[in-house]
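Here are some short exercises to work through with the viewer open. Try each task yourself before reading its solution.

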Amino acid sequence: MDWMDLNAAQTASAEGDDASEATARLVKGLNRPQQEAVLHGEGALLILAGPGSGKTRVITRRIANLLLTGKARPHEILAITFTNKAAREMRERVEALVPVPGLWISTFHAMGARILRREIEMLGGSWTRDFTIYDTHDRNQLLRRLIAEAGYDAARFRPAMVGAWISSEKNRTRFAVADAGDGGIEAEALEKISKSYDAALAKSNALDFDDLLLKVLELFEAQPGVRDSYASRFRWVLIDEFQDTNTVQYELAKHLSGWHRNLAVCGDPDQSIYAWRGADIRNIVDFEKDYANAKVVLLEQNYRSTRHILEAAQAVISNNRSRKQKRTWSDGAEGEQLCIMECGDEEDEAREIAAQIQAWRTRGGKLSDVAVFYRANFLQRALEAGLRRASLPYRIVAGVEFYERREIRDLLAWLKLAVNPSDDVAFLRVVNTPSRGIGEKSLGEIARWAADRRLPLIQAARSKEALSLVRGKARAGLEAFAAFVARCERLADGPAAAAIDAVLAEIDVNAWLGEMDDESLVDREANLEELRAHAEQWDEGRTSGQQDGAGGDAGARTLRTFLQEIALVSETDGGGEAAERVTLMTLHAAKGLEFGLVLIAGCEEELLPHNRALSESRGDDPDAGLEEERRLFYVGMTRAKERLLLTWARQRMHFGSMSFRQPSRFLEEIPERHVESGGSGKAQEESTDPFVEYEPEEEPLQPGAIVQHEHFGRGTLLRLQGSGVNTRATVRFVTHGERQLLLAYARLTIVGRSS
Ligand code: ATP
Ligand code: MG
């Protein structure tokens, strides 16, 4: 273990040994270009290299070396990574090398939030340090209301679409959102909605995710003094995954390194997978222009993957036309060939994946060293079910999923109001939850009153004048709600778990959960409990926070800081400590990570590459979407150290209907010599079983039969087409309309005949 050397280095320096010896130990075991990058002194540094070549390791050791040699004091370092998880890992690694707390290692967004928590009042708006962070869901809710209020056609101005447009504007993206605003009236309307959206945010003392970056940029541009104080403080700026920075992030980096130019970035253009969110690969090209004397280091040796995996991935990515050839080699083992598995459907796929993980475990592999990736979230459910059936513990890295849940959003809304009662989105979400008899009309009245005075809604609920506009039950309801929020406000600076208990004690929980009839009560209660447990961990300091450190300015563990922390759980992220569990996550979240065994599910056309990405052409390159999908697949493949399995299913349920699938074109791009022959015939054999079982059914299935389906309920069979396992049944369901199902998998029961 080379970490031992490093520990020795750190002890040595603590004992007063000279710094050069400590450095020597720190770079021991690194290859030449890696050493050069670690040891590079002042001035810009660009590290360009493929996956697994040690970019992140170089950044980490560079930080350690700056500290060990006394070139930097801890507060002079700013390191940026792409996810909170990566930031946490990097902090742990640096701290293992040099035990200094208080390093600013975070994502761009967490950095923005942190700067704004200190400086936002300098912007001159109405924001205070207690601002709320709105996520995409909050944003869309707010937009829905504003679009309706302004009288625009909701079908034409979909909140998500308008939101994406606003986001791309805020990110100063170089390509416009395809279907928004092609000049004229549309653009005018979008501008108008966008203005009222920003005004509503300001009134609610809220910022959206894009603002966390944009407001810092505005602040730096408007207040050079503030910018200079940060630029002189952070004398060393380091950015990992630079290929995925967008224009605003690039500008921020430029401001922060403006006068010292000690900016070190590393990236791999082949792993750029966030163009859809404004990431711009040209930032790497621009870097060499903006920092003309930048030292460029290329790393060519891959330390992560076996040769079969590495070469297979290289072969796939070489199909991208718009890329520069890179040299990558490995002197590691050849390893096992890749396994490509054809499965009957998503259940077979999940079963196969579980079996492969079991086999890995039997061979002595750890579950914490296993990951299952997928392109789209809907694949997750079947995979989870498969792992559960096989009693394999797993965790899902997709924090946002959990926080999207209705009961969680409600609870968070109450908690947010405790910290920031001006948060209008939170107010509207729960003012009538559970029902307090406050109807749309009454809300409309007080909303108008508040809007006329540019006041947040809570002020209306507290104003006698505004309340006089509504009658009876609604008025009593509003008064009760305002009193409730006032009581909650006292919880803001207390422990988070106690705040949750206090809120839940006041709410009629049964009535509240009872209003949500679409799911079982048990699940929702379990989720509430999970959030409470998470809060308790926070209170006790058992989870490390993004905003910790740096002189402990976010130090106190309170409801306030807890909410700040979870607001930063981004779409690319997830929490949870390493445990003996399989990791499930989307390909987009997999950046920078590595696992012994990697399984990529759903390697199918229209899924990977995703059809939405295919239909998107960016700029004048019709292949841009496809090439980004290929990079995504490449990122997934190159996470694997020892074993890589790729599965696809001949058919799959999606949105309640079965569709027939084709293997991904990317699978065909893998040279045969890297693939195990045979694959698994087992899944195919099994998949025909349901049909065989179905055959002996006494009554023949004919059009006109009344059938029962597990999910869709009752319906009438209209047609049968095709033959054998490919027989398709068209059924008109009472509640789900007409569906085409594959008979072999539909498990239809005949319950009668229509006359
Ligand atoms: P990615 O592009 O996927 O983020 P990366 O370039 O950041 O990859 P790292 O994660 O830093 O690569 O390194 C990949 C693996 O190789 C890690 O397990 C790391 O510890 C190991 N590694 C890197 N350099 C060396 C080295 N010189 N000797 C031994 N192992 C190394
Ligand atoms: Mg990395």
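In which loop is proline 609 found? Keep in mind as you look that this is a predicted model.

**Exercise 1. Place proline 609 and describe the peptide bond before it.**

Step 1. Find the two flanking elements: proline 609 sits in the loop that links β13 (595-600) and α28 (611-615).

Step 2. Check the bond to the preceding residue. Leucine 608 and proline 609 are joined by a cis peptide bond, with omega about 10 degrees.

Step 3. Now look at another cis bond, the one from threonine 433 to proline 434, where omega is near -15 degrees. Proline 434 also belongs to a loop, the one between α19 (424-430) and α20 (440-452).

**Exercise 2. Examine the backbone of asparagine 205 and say where this residue lies.**

Step 1. Read off phi: for asparagine 205 the angle is near 55 degrees, a positive value in a residue that is not glycine.

Step 2. Locate the residue. Asparagine 205 is in the loop between α9 (184-203) and β5 (206-208).

**Exercise 3. Work out the strand order of the six-stranded open sheet and explain what sets its edges apart.**

Step 1. Walk across the sheet. The order is β9-β14-β13-β10-β12-β11, and the pairing is parallel.

Step 2. Look at the two ends. β9 (339-343) and β11 (394-397) each have a single partner strand, so one side of each has no neighbour in the sheet.

Step 3. Consider the twist: ignoring direction, neighbouring strands of this sheet are turned by 20 degrees against each other on average.

Step 4. Zoom in on one pair. Strand β10 (residues 370-374) is joined in the parallel sense to strand β12 (residues 582-586) by four bridges. Within this pair, phenylalanine 373 has methionine 585 of β12 as its bridge partner.

**Exercise 4. Follow the antiparallel pairing from β18 through β19 to β20.**

Step 1. Recall the general rule: strands of a sheet pair through backbone hydrogen bonds, in either a parallel or an antiparallel way.

Step 2. Begin with strand β18 (residues 713-721) and strand β19 (residues 728-733), which run antiparallel and share six bridges. Here leucine 717 is matched with valine 731 in β19.

Step 3. Move on to strand β20 (residues 737-742), which pairs with β19 in the antiparallel sense, again over six bridges. In this pair, alanine 729 has leucine 741 of β20 as its bridge partner.

Step 4. Inspect the connection: β19 and β20 form a hairpin, with three residues between them.

**Exercise 5. Describe the surroundings of ligand 1 and explain its position relative to the domains.**

Step 1. List the neighbours. There are 19 residues around ligand 1, and those that come nearest are Lys55, Thr56, Arg304, Glu594 and Arg639.

Step 2. Sort the shell by class: three residues are nonpolar, 10 are polar and six are charged. Helix α4 (residues 55-68) gives the largest share of the shell, three residues.

Step 3. Check distances from oxygen atoms of ligand 1. An N or O atom in the side chain of arginine 639 is 2.7 Å from one, and for the side chain of arginine 304 the value is 2.8 Å. A polar backbone atom of serine 53 is 3.2 Å from an oxygen atom of the ligand.

Step 4. Turn to cover: on its own, ligand 1 has 640 Å² of accessible area, and the protein covers 85% of it.

Step 5. Bring in the domains. Ligand 1 lies between domain 1 (3-114 + 215-303) and domain 3 (339-393 + 581-674), because both give residues to its shell.

Definitions and conventions. Residues are numbered from 1 along each chain as its sequence is written. Chains are lettered from A and ligands numbered from 1 in the order in which they are written. This is a predicted model: local features need pLDDT of at least 70, side-chain atom pairs count only at pLDDT 80 or more; totals for chains, interfaces and linings use all residues. Side-chain values use heavy atoms; hydrogens and water are left out. Two strands pair if DSSP finds at least two bridges between them. Axes are lines fitted to C-alpha atoms, for helices over the stretch in contact, and angles run from 0 to 180 degrees between N-to-C directions. A residue is near a molecule or strand if one of its heavy atoms lies within 4 Å of it. A polar contact is a pair of N or O atoms within 3.5 Å; within protein, one must be able to donate a hydrogen and the other to accept it, and residues adjacent in sequence count only if both atoms are side-chain atoms. Accessible areas come from the Shrake-Rupley method with a 1.4 Å probe; for residues, only the protein chains shown count as cover. Ala, Val, Leu, Ile, Met, Phe, Trp, Tyr, Cys and Pro count as nonpolar, Asp, Glu, Lys and Arg as charged, and the others, Gly among them, as polar. Domain bounds come from an automatic or database domain assignment.
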